[in-house]
Amino acid sequence: MVGQMLGNGQTENSLRGWRRGSPPGPALTPLSPQVSVQLRRGHAARHAGAQVSGAAQGGHPGAESGPAHPRLPRRLKISHLDSIFLSRVSWANVGGLPGESLLVPLADPLSLLQQNYLKAIRLFPGPLKRMDLAVQLHTEPEYKDETMTVYQIPLTGEHWCCKGTGEASLLCFPGDEQMSARRHPDLVTAFLCKLFPEELCTPTDPGPVFLVLECPHEGFVDAVCQNETFRRYQEGVPEHQVALVIHMTPEAVLRDSRYQQWMERFGPGTQHLVLNENSSAVHNPRSYKIQTQLNLIHPEIFPLLTTYQSKEAEAVCPVPIVRGECLLKYHLRPQQEWQRDAVTVCDPDMFVSEALELPDFQTRVKECKESLSAVPGNVSPYPEIVFLGTGSAIPMKIRNVSSTLVNTSATRSLLLDCGEGTFGQLCRHYGEQVDQVLCNLVAVFVSHMHTDHHSGLVNILMERRRAFAALGQAFSPLFLVAPEQIMPWLHEYHNHCEEILGDIQVIPSQSLVKGCENIRPKAKEFLSSLLESYDLAEFQTCEVQHCKNAFACSVIHKSGWKVVYSGDTMPCMALVQMGKNANLLIHEATLEDGMEKEAIEKTHSTTSQAIQTGMKMNAEFIMLNHFSQRYAKIPLFSEDFSEKVGIAFDHMRVRFGDFPAIPKLIPPLKALFADDIVEMEERKEKRELRLLKETALVLDKLTRGDSTEPACQKRKQAKNNQELPDKKLKTVN
Ligand SMILES: [Zn+2]
Ligand SMILES: [Zn+2]
């Protein structure tokens, strides 16, 4: 098996776009060209990390990691991945790894080529702990597999942090100097990849060479330009002809005359691919499609998505360059050429006409609009709830993992959980406004330590810091309300990867439980600033029934409104008590009715259990979220649905005045997703039938006095069969 990934980004969604039918032979595909590392620090926002994957003969590609793990299409399977190359240790480069590893069979060793990241990542509260990772440091000799040799070229840059050019913004926190020695922020590894010669060809193909280079800022330009290895590949020697240079390079570096001369030295036979914030990427067309269609139902509750356009002018280069696009391919053999067949495109008009052609859709939308005109239009703008991620376990095309933004006023926002990809969702929702939203963000609540609830945090911290600098606003740390068990991981990350501790002020969730007496003075102080910032009367947590140290929270505003968020939990009395008379309960509904047993096994709630919890607390309205990815588009409706219940979708925007409107959206939603609902109902019927048969069999045996095979074992077998396609999703969430 051959396969490597170079780079990083929202790997999951990007890999998904990989299509069947690519011709065999080595090809390179930027999975998420929207970004290069520097973006995360000094520049305009982007949704995803840069990442390049190399596919070898026979279509077994390798992968690299970024913030979002992939559910892979047939051709590109993460289980076929055996090496990940990291150009440097920053969240932009490594953030996808924990998520990705959810999908890698745990027995497969994975060699991880880079630095001291592993130590920090070992503490990541997620599945990495169980993974067999082998690390090859940048100081070690080249890497070889059946297709190519990869030479590591370490590059040492100048410490740009303290140079501070306008937007460079990187705050230096006290004690940084010593720390940075451990973190190696000034070390980047480039990869020179040389395919083995193809002897069957006449004349013999000497083996194409390509170079993957991250040059995060101007501080690295000298190191690149003066590097001896690169120089050898610029001398025009045929076996050193470079087919392609992949530049993960910001515009400022591309504009640098030293860098431009260096690019020219490769000669006219070399292609240059640039991946940075100016690369265009509709990284997930299906989410644009669904949002365009939902928007036809209610334009305010389902606003259209935006794409973030970088404000940075594109550098003019002395050599022709190709700007990265998601899933653009470069073939190295048999012919060197670009291939755009998989590049994602969005055609909003087509999305609209597809929806309008669905049976009953237009009628249901019309009826819905008529009934809504009767609903009083008195909608006060705040609080406003924006659902950023409404799926569980792993990010999928249509539902990202947990994250909900509560805008308490025009200038204050609170994030309830922060799963992987939260920042990207904010970009797609707010476009140009994303920096202001990040500056408005005063606190993040992390409900528990499952990765689908917090692995977007480091990225939010990085982007938030950048946003303050970009808008010229005074930086203030973020309040982090989280189980105190998050701290060892954040410390390790801070000590070994990137500085983050200066960005947060931690209030342990444990200390906000009603009646908690040993709240530390620091936490008490942070809490009162938090309450003051949001004009809150109360911020409370309670322990819920899920994993250890899982919490729900309740927020009461001084004006009287109350919002309660369950996190992940089974039906829980403490939550009912804390949430009494809430205006809005946001509750997980991971599984459909009829799956109570699975819900207990996985410590989650079914739809009806979630609704009943809301009824018990006398909540004015209940929004359900955290749907199992088996309900990608829409969960199954249960009989408990009433005028008090709504289903959350990613990017849905809800204000209290919308409560009467939300249940009226259900008929057009059912029309839009009719096919999916039929399919899910069929699955449900089959499952019920199977259970009935099993029960009948057991009863039969019992009446005959023959009970040799325990029923539970049979049940287990049936369940295994049924869940086979979902196996990969079986993880903690
Ligand atoms: Zn979860
Ligand atoms: Zn969980």
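Reader: Over how many bridges do S10 and strand S11 pair?

Author: This is a predicted model. In it, S11 covers residues 209-214. Lysine 194 stands opposite valine 209 in S11. The S10 and S11 pairing is antiparallel, and its bridges number four.

Reader: Which residue in S10 does threonine 156 stand opposite?

Author: Take strand S9, residues 148-156. S9 pairs with S10 in the antiparallel sense, over nine bridges. Opposite threonine 156, S10 places leucine 187.

Reader: Is Lys194 of S10 buried or exposed?

Author: Strand S10 spans residues 187-195 and is mostly covered. Leu187, Thr189, Phe191, Cys193 and Leu195 point one way from S10. Val188, Ala190, Leu192 and Lys194 point the other way. Residues of both sets, Lys194 included, are under the 20% accessibility cut-off, so Lys194 counts as buried.

Reader: Which helix gives the largest share of the largest nonpolar core?

Author: That core has 88 residues. Leu530 and Phe539 have the most contacts inside it. Its largest share is six residues, from residues 521-534, helix H18.

Reader: How many residues has the other core, apart from this one?

Author: Nonpolar side chains tend to be buried together in soluble globular proteins. Here a separate core includes Met449, Leu457, Phe468 and Ile504. Its residue count is 39.

Reader: Which cysteine is in contact with phenylalanine 539, leaving aside neighbours within four places in sequence?

Author: With those neighbours set aside, the contacts of phenylalanine 539 include Leu527, Leu530 and Leu531. Among them too are Leu414, Phe445, Val481 and Leu512. Ser554 and Val555 also touch phenylalanine 539. The cysteine in contact is Cys553.

Note on methods:
Residues numbered from 1 in each chain as written. Chains lettered and ligands numbered in written order. Predicted model: local features only at pLDDT ≥ 70, side-chain atom pairs only at ≥ 80, totals over all residues. Heavy atoms only, no water. Buried < 20%, exposed > 50% of the residue type's maximum accessible area, 1.4 Å probe, protein only. Helix = DSSP H or I, 4+ residues; strand = E, 2+ residues; numbered from the N terminus. Pairing = 2+ DSSP bridges. Core = buried A, V, L, I, M, F, W, Y, C linked by side-chain atoms within 4.5 Å. Contact = heavy atoms within 4.5 Å.
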